[in-house]
Number of protein chains: 4
Amino acid sequence: MSSISVGVLGATGLVGQSFILLLSSHPFFRLTTLGASPASAGLAYSKAVENKWKQSTCIPSSVQAIKLHECKPEHFSSCQIVFSGLDADVAGDIESAFRATNIAVFSNAKNHRRDPSVPLLVPLVNPHHLSILPHQQSLHTPPLQKGFIVTNANCSTTALVVPLSALQSRFGPIDQVIVTTMQAISGAGYPGVSAIDILDNVVPYISGEEEKMEWETLKILGGISADGKSFDNHSSHPIKVSASCNRVPVHTGHIMTASVKFSKRPPPSIDEVLKAFDEYVPPYLPQSHPSFASSDFSKIIPTAPPKAIHIHTTPNRPQPLLDRHLDKGASVSVGRVRECGVLDVKFVVLGNNVAIGAATSSVINAEIALARGYI
Amino acid sequence: MSSISVGVLGATGLVGQSFILLLSSHPFFRLTTLGASPASAGLAYSKAVENKWKQSTCIPSSVQAIKLHECKPEHFSSCQIVFSGLDADVAGDIESAFRATNIAVFSNAKNHRRDPSVPLLVPLVNPHHLSILPHQQSLHTPPLQKGFIVTNANCSTTALVVPLSALQSRFGPIDQVIVTTMQAISGAGYPGVSAIDILDNVVPYISGEEEKMEWETLKILGGISADGKSFDNHSSHPIKVSASCNRVPVHTGHIMTASVKFSKRPPPSIDEVLKAFDEYVPPYLPQSHPSFASSDFSKIIPTAPPKAIHIHTTPNRPQPLLDRHLDKGASVSVGRVRECGVLDVKFVVLGNNVAIGAATSSVINAEIALARGYI
Amino acid sequence: MSSISVGVLGATGLVGQSFILLLSSHPFFRLTTLGASPASAGLAYSKAVENKWKQSTCIPSSVQAIKLHECKPEHFSSCQIVFSGLDADVAGDIESAFRATNIAVFSNAKNHRRDPSVPLLVPLVNPHHLSILPHQQSLHTPPLQKGFIVTNANCSTTALVVPLSALQSRFGPIDQVIVTTMQAISGAGYPGVSAIDILDNVVPYISGEEEKMEWETLKILGGISADGKSFDNHSSHPIKVSASCNRVPVHTGHIMTASVKFSKRPPPSIDEVLKAFDEYVPPYLPQSHPSFASSDFSKIIPTAPPKAIHIHTTPNRPQPLLDRHLDKGASVSVGRVRECGVLDVKFVVLGNNVAIGAATSSVINAEIALARGYI
Amino acid sequence: MSSISVGVLGATGLVGQSFILLLSSHPFFRLTTLGASPASAGLAYSKAVENKWKQSTCIPSSVQAIKLHECKPEHFSSCQIVFSGLDADVAGDIESAFRATNIAVFSNAKNHRRDPSVPLLVPLVNPHHLSILPHQQSLHTPPLQKGFIVTNANCSTTALVVPLSALQSRFGPIDQVIVTTMQAISGAGYPGVSAIDILDNVVPYISGEEEKMEWETLKILGGISADGKSFDNHSSHPIKVSASCNRVPVHTGHIMTASVKFSKRPPPSIDEVLKAFDEYVPPYLPQSHPSFASSDFSKIIPTAPPKAIHIHTTPNRPQPLLDRHLDKGASVSVGRVRECGVLDVKFVVLGNNVAIGAATSSVINAEIALARGYI
């Protein structure tokens, strides 16, 4: 496969750094262009990020000398794809401008998530939502040939919907979900949470987070209308989601407890639920795709995890500290699957918020879009 | 009020240290006798506890020189009351032995909690359960005149049942509770949790804890049979409780998210729920008590908090770090009271696990038992 | 003693909050006026500080309704004293303006510390440096009658110089000090240190901190020239101080290891050093003061600790978690006093950076200035 | 190179787990045999270690099914080498027994470190000390042909002596070292430090640690007598080392501040010191070795780091969180090299206590011993 030139917007932030680590060693995406704020434009990446590099590996040598540009499309004309780690206060307009110049934008920002023509894509859950893209492109005047925006979901939502998707695809509609998150500090970006607020503490509130989890779940787990021009947001069988979101003193890894009630009566047994988790394969490709029959997508979707769900059987797992790096953070961990005395089943979910909860999702999304022919 | 001589069993442990701080400055309990393991017997308290004293205040000077005894009743013959901070592996038999010598035992250990003649007493919730004590005494041969055992509840259960009690007493039976706890390390005693297991981590499992929360809630919120000889364990209208218990890197203060469904339809509004929390007064005394009319119990139940429930209105409160010491940890904090998209109402609860969740409960229980004439 | 009206500048910050706790219950300072940034001016204190109050006790009820003013002298005309918790980027000019209107300013900011006419006052060490104040006032045109500025020292310096002062006053000049600090996050203000930077980490660098410790020590431990118009900055016998400053994940309490070499040969024994620490009494008052003979200064300098140095004898103390609140953080803890294989003696020092390292020092300084007749 | 069969003693502990990760993918050591306590003997490794595996990668599949044996030589007869991660309370005798059966023992335990015929080997510093081994073997009756014991040093000592060795080999004798450590919790093993003792805290004392650093440095940096039968422990030019050891809430990575005084006058400049660190190559092989001329030892000493010392130039580095995994923890990080106002030069050192400070050192030691012909 020949290489595809890609860029990163917001390259010096935490999400941008994750993009750089993923893309600097990518088998067919070739990282060529980096965008940052005007203050950093003109600087070499290693210079601009000097005191902001928060990764435990060094800045990749291939990236250190790349000069930073302002986040304007004219500097990215050689790129077919840009990955956006921009902050929400600027992401909306910049991403639209890139789309308008026929660049495919894979964004981690929240700005376009509620746009009815933009897929809210969790790669392990709803890759088929990419089919809305022709409609999205047709809304422009003149219609876009190549430009589009795909967003990934909130980091907590992402972890939750993977096991929910496994359950829904096996057992049909889910009626109710009560979820309590314990979220890592890296989810708030850098500098993000003050150490004074979180050391030896739990903060039982994250602004806007509960609303995101409750709403995004519907769009992600829902379908697409028959004409392919709108998301149904699960409106025919709404899932009631009640989220309580908390910040805990953990670097990375959002862990959550979830209780689920199925529409199906009687509900599936714990063994059936475990089997559904274990056998879950995300719909990366349509059945019509020549590679669909193969269960090995590692050549065409190389950043995807070997299995979407990692099931833990020891009772005190998953734990953020020990399990956040499984499959380089690209899979979701599930443990303690057991009956719930109020709803049907309850379990623990762990998702790596800086990997599958952020940059890793965007990169897999781009790989899928390429495999499905949208790029 | 003349002073009453009291002792502490397990005086060198974390709970024992809390007892010592509470009792060394108590208005009418006079701490005279301390019990510890045979290895410490004979040592002065300050010597025995030297490297185990984990409080941020010094060992009270009145206690430093007290010689430690083995936990045998003959050494405590001057005491009317003993408070037990013993570990569960020895507490059962020792507490029974003290009861048999007609000493009133207020225990923090779990051993006798499920005994159908022993009150599982959360002082802010079910002080009236003390009325089982004559029955408990009658079961001995010959019947005991003064000896009895009263236990307090698990630290997480204690925090949860206070707001539940406020709701039940105002709105009638509760049908369902889903609760997720984030529990402090001090709840596991000393040395308890290894730093390797909890720094930068959440452990989504605490052995036996979920079962305790799910079962104890029924005994505590339930009533007493007409003949006064048994607890009904809420059997006529069982509350379904589903608990998910987690350990977090916090020193002190168990915080939890709770969703509640009422039996009452339509359910109370959020404002009504807030009002119920705000106006909740624990039934410390029976209506027949001469002090019942007074709302100021500070003379006869001095360790009780001014108000049982402290309501927080800022959205990111309560927090363990900032709120665990309100009312010296004797009250329970509630915040974020709002509608639940699945059950009726949800909120955050914070209880100080080493105060109201442990020693403070036992001390208030003893004060109530004295006020009600059982001592 | 009649009350003295005082104000606080920078009242909503962390240092300002400490001032408010200290002053709202002060026996003779009466807190009347609060200053903050223009954005907060006009708001009630409780409203302005709502999400910034980081104390484990509630906002004092007497302060909640006080309206905030801009930090301009005209709003503080009723105050004889203002305490400044202003940030360094604005403190310099504002404090000068208050001094110019004949208000005594006790500042926690670094701006005026190097001014040769401003005392750098650690109340447990060099209260006699207040004698420079008439000279400071004479430098103004026309000379000031009442206005002056007194600064306290950097929080790390403050902890270090207390035991050094005890040694110098007993054994004569100190030649060399090598000190390594492990400093709490609250020393950086709020929001200050990002949790991402410090959780599970040590940062071996604090900008400007080592220079401050190395320089301030000389001014504080030095004397005053014969004409009373300048500090000698220990120039006749400079102490060589080499500091290595680190940030650690601790809320409050700067702990440090110090090695000291005396000028005196042979050096004092460990027992003599311990005795010097134990017997050290700060020179709060001049010998000519009527209260000098009394060792009980609690009436006239009520915020001063009972003893300046708290000596720990258990080998693993002092610890920030357990010892930072001794004497409400107004004293300095010293432990592990032992021989140093390279210099003469080494020991561990702990100082509460938000108490004696900040607001508490300013308040004691004001009490001393009052007792000495400068106010 | 053909493979060499090796075993691990104490395989279920933290150090044992590190050995297993290093050896399960080693190019020529083949891990065949695992020893543990009698309680675990007979269990498969994955079963025995189930709740004690504290690594962020899974148990290597090649090791999961290996049955555990008691730590008796008869079970390890197929091994030429055993690596010991035993606790000090049992390590001494067991290691001696293995040596007596002609197995080469590379130990992480402290028991034999002070034995005058046992090399205290930091692989990045004193590999030439292996030349004492024939003498060690000759002390047995009858003399051993293959059995010997090599220990590695204390984890803090190990980090310190690497830069000291670079300085000594370039500039000659070092006179004085004052070092303050901030040590990670994993240095105390599992369960080791209670979370109650270290969360939000620094403990300024680690039993025996300062003595180890002060003594081991002399043996490691010293030479060997002319007859090859004793270590000189630097007795002709003793280095005075004064250590202050602290425990901090960090998982992994001992960081320390060090001040050094050279014998050489005038002392080297900072630039010369930096150059010495940068150019330092450990004496892995004697000059007579055929591979000596090559600077690429990666084939014969594959676990050694590319460079022994990693120099950091940004002022706030190295940091445990960000830098502990550089070179898989096999190198030592040095930063903030600058003049010391009391001694000559000061700097910050970071060593990964579970890698180069423990198992990694033992494995490199074995690789060197093999290359040098002792195995």
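Buried, in this talk, means under 20% relative accessible area, exposed means over 50%, and partly exposed is in between. Keep those cut-offs in mind. The model is a predicted one.

I start with a residue pair in chain B. B:D344 has a relative accessible area of 14%, so B:D344 counts as buried. Its partner is B:R265, and the two form a salt bridge whose closest N and O atoms are 2.3 Å apart. Along the chain the two residues are 79 residues apart. B:D344 sits in the loop between strand 11 and strand 12 of chain B, while B:R265 sits in the loop between strand 9 and helix 9 of chain B. Is B:R265 buried, exposed or partly exposed? With a relative accessible area of 47%, B:R265 is partly exposed.

A second salt bridge in chain B joins B:D323 to B:R317, with 2.8 Å between the closest N and O atoms. Here both residues, B:D323 and B:R317, are buried.

Now chain D. The side chains of D:E216 and D:R113 meet in a salt bridge, 3.0 Å from N to O. D:E216 is in helix 8 of chain D and D:R113 is in the loop between strand 5 and helix 5 of chain D, so this pair ties together parts that are 103 residues apart in sequence. Both D:E216 and D:R113 are buried. For D:E216 the relative accessible area is 3%. What else does D:E216 touch, apart from neighbours within four places in sequence? Its contacts are D:R113, D:L120, D:A153, D:N154 and D:T157.

Over all chains, the count of salt bridges comes to 52.

Next, the interfaces. I take chain A and chain B to begin with. The contact draws 47 residues from chain A and 47 residues from chain B. Between them they bury about 3400 Å², and carbon and sulfur atoms give 59% of that. On the chain A side, A:D200, A:P204 and A:V342 lose the most area to chain B, together 19% of what that side buries.

How many salt bridges are there between chain A and chain B? The count is eight. One of them is between the side chains of A:E214 and B:K346, at 3.5 Å from N to O. There are also 24 residue pairs in polar contact across this interface. Several elements of chain A give two or more residues to the side that touches chain B, including helix 8, strand 9 and strand 12. Strand 8 of chain A gives the most, with seven residues. Sorted by class, that side of chain A has 24 nonpolar, 13 polar and ten charged residues.

How are the two copies placed? A rotation of 180° with 0.0 Å of shift along its axis superposes chain A on chain B, with an RMSD of 0.0 Å. That is the relation of a two-fold axis. The copies also meet through the same surface, because 100% of the interface residues of chain A are interface residues in chain B as well.

The other interface to cover is chain B with chain C. Here, too, the superposition takes a rotation of 180° with 0.0 Å of shift along its axis, and the RMSD is 0.0 Å. Which residue of chain B comes closest to the rotation axis? That is B:D200, with its C-alpha at 3.4 Å. The same surface serves both copies, since 100% of the contact residues of chain B recur in chain C.

In this contact, 16 residues of chain B touch 16 residues of chain C. The buried area is about 1400 Å², of which 59% is on carbon and sulfur atoms. B:S56, B:D200 and B:L322 supply 30% of the area that chain B buries against chain C, more than any other three residues. The count of salt bridges between chain B and chain C is zero, and the count of residue pairs in polar contact is zero. The side of chain B that touches chain C has six nonpolar, six polar and four charged residues.

Two last items. In chain C, eight of the ten residues of helix 1 are buried, so helix 1 is largely enclosed by the rest of the structure. The buried ones include C:L14, C:F19 and C:L23. In chain A, A:S235 lies in the loop between helix 8 and strand 8. A:S235 is exposed, because its relative accessible area is 52%.

Methods
Residues are numbered from 1 along each chain as its sequence is written. Chains are lettered from A and ligands numbered from 1 in the order in which they are written. This is a predicted model: local features need pLDDT of at least 70, side-chain atom pairs count only at pLDDT 80 or more; totals for chains, interfaces and linings use all residues. Side-chain values use heavy atoms; hydrogens and water are left out. Contact means heavy atoms within 4.5 Å. Buried area is the accessible area (1.4 Å probe) that two parts lose on being put together, summed over both. A salt bridge is a side-chain nitrogen of Lys or Arg within 4 Å of a carboxyl oxygen of Asp or Glu. A polar contact is a pair of N or O atoms within 3.5 Å; within protein, one must be able to donate a hydrogen and the other to accept it, and residues adjacent in sequence count only if both atoms are side-chain atoms. Helices (H or I, at least four residues) and strands (E, at least two) are DSSP runs, numbered from the N terminus. Ala, Val, Leu, Ile, Met, Phe, Trp, Tyr, Cys and Pro count as nonpolar, Asp, Glu, Lys and Arg as charged, and the others, Gly among them, as polar. Copies are superposed by least squares on the C-alpha atoms of residues with pLDDT of at least 70 in both. Buried means under 20% relative accessible area, exposed over 50%, partly exposed in between (1.4 Å probe, protein chains only).
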